[in-house]
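Me: I would like to go through the charged side-chain pairs of this protein with you, one question at a time. Please reason briefly before you settle on each answer.

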Amino acid sequence: MSSATLDEVPIEMREPEERRIAWTVAVSVLLHIGLLLLLSAIAVPSIDLRSLPDLTFNVSLDDGHDTEHDNSPAVERSAAPTTTVSETQPAAIADNAPSEIEPPPVVASASPAPEPREAPTEESLSPVSIPSQEAEATENTEILTTSAPSEVSVPVSAAPPEPEVVETAIPAQEQALLTKKVMEGARGFQDTTQNEAHLSWTQDGQEYTAVLTRQPAADNTGIDRMIVEVVTEERGKRLRTKMQMKRLAFSHFTQLVDRWDDEVQLHDDEIVGRFHSNSEILVGYDHSATPRFFGKVTTAARGFTFANAVGRKERAEIFRAGLETRAGRIPLPAKFLPFAAQANPQQVEVQSYQGDTRITFYEDGTYGWKPAKSKGPEQRQRLGPTTTYIVGTRDTTFYIRGTVNGKVLVYSPDLIVVEGHLVYAHDPRADAKGDDYLGLVSDNYIEVARHSVTGPGDLEIDAAIYAKRRFVVTDEHAPGNATLFIYGSLTAGTLSATEPRYATKVTFDPRFEDTRPPGFPVTDRYEMDSWDGMWKVSDDP
């Protein structure tokens, strides 16, 4: 069966048919609009429908000939513009986005020629993105969307991530080289007014540079320190290492001797801590006694000599922590200047005495004094709240004993004589908070008084001792079976014999590693305080 075209149908039959088609199109459009609005409400439940743009449409019912009848399927595909999630979410997120601005109305018409759009104002262009004319002219465009630009700003970090530091261990031989070069550069630099020094050297074709930065002691009990950064380059990589050094005070040594007396030998002696001699030492032992060094022993000489030896002893039995020879001299200052390294004079109370003076320290933090030949009562006064320097003028001898409660330095250009026990009120071996310190310094001699003055039995001295010329035990031949205990340190130009009156035991005060007795003299030597022995590798030029 064949079908007739529209032109073949009589005009009287065409008119009702055209109206029926128009009403069908209108109903279809309305149903699509309702369905799309329902779907939008379900998809975006949080949107206030009052904020949706107004939509208008026109349905034209023309009694005349429908010249666009053949395009009716395109009319069925078109639908009312729908606000999608992407349109409304930015407005919901943006705190500052205007809420009352609406996009320009969009008109959907069954007519093939869309009505002209009103030109958007500057205000409407600000928050709304308008599709380009090219997009409007696209024949297959079914949905026109509008969206407001988001004003939410997401901070973006401009700082690049920290680069991973690559480390590599410095070989032992290279560590020894660096230590030697840095110590050589530091020697002599410590007494200048400069705070920074630069070194450079070449080893096996490789160049090294070092920057040495001084950190002077904060006060008269502090330790001078130095920060050293060494830089070299290997295979296009920059290598860096940093170390911290400290300047040695003489109180860092349990015992240090400049010139060993050929008439004296170490026999019934025990030294706990580091020992150094600028000359060869004499050692003797027998069946009754053997000297023992429990810390590292260094000497500037080529070795040591056995004076009197009965039987056979292993070297390790005497030098328990090893022996290093040709270690370099540590010179003693020509003259001690008690205020040379003082950082803050206001922290020091100075008491000066002329003529020989007898001084007794008391546990309550006071001390008494009177002329050495006086038969009268002594005068009493309190030690300073921080540090007290008791200073004698030329040819002054101090005779001292007692219990020290405070921080004290006793200095005489000539002689200091210990007449009895000198101990701390707060023994640091038993009291971790003990902060009593005593330094005895003389440009000439420090002596232990005669046997008749000190009495029989042991004698204890808690102090750091510095005798530029000689430390002397008088009446060393006095019979006895006693021990001279020194807790702290002992530095001397030379030493007298102590036996048979005293065997000696010198034990290092570990507090002296980081705190020196007030104003105590310092050496010209630095040593490594901390160093991880690692190169830090970087590509930096």
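Me: Is Lys 536 buried, partly exposed or exposed?

Reply: This is a predicted model, in which local features need pLDDT of at least 70 and side-chain atom pairs count only at pLDDT 80 or more, while totals for chains, interfaces and linings use all residues. Residues are numbered from 1 along each chain as its sequence is written, and side-chain values use heavy atoms, with hydrogens and water left out. Buried means under 20% relative accessible area, exposed over 50% and partly exposed in between (1.4 Å probe, protein chains only). Because its relative accessibility is 25%, Lys 536 counts as partly exposed.

Me: Which residue does the side chain of Lys 536 meet in a salt bridge?

Reply: A salt bridge is a side-chain nitrogen of Lys or Arg within 4 Å of a carboxyl oxygen of Asp or Glu. For Lys 536 the N to O distance is 3.0 Å, and the partner, at 46% relative accessibility, counts as partly exposed. That partner is Asp 532.

Me: How many residues apart in sequence are the parts that Arg 225 and Asp 514 tie together?

Reply: The side chains of Arg 225 and Asp 514 meet in a salt bridge at 3.6 Å, N to O. Arg 225 lies in strand S6 (residues 225-234) and Asp 514 in the loop between strand S29 (502-508) and strand S30 (522-531), strands being DSSP runs (E, at least two residues) numbered from the N terminus. The pair therefore ties together parts whose separation in sequence is 289 residues.

Me: How many salt bridges are found in the whole structure?

Reply: One of the pairs is Asp 258 with Arg 259, at 3.3 Å, N to O. A search of the whole structure gives a total of 23.

Notes. Helix = DSSP H or I, 4+ residues; strand = E, 2+ residues; numbered from the N terminus.
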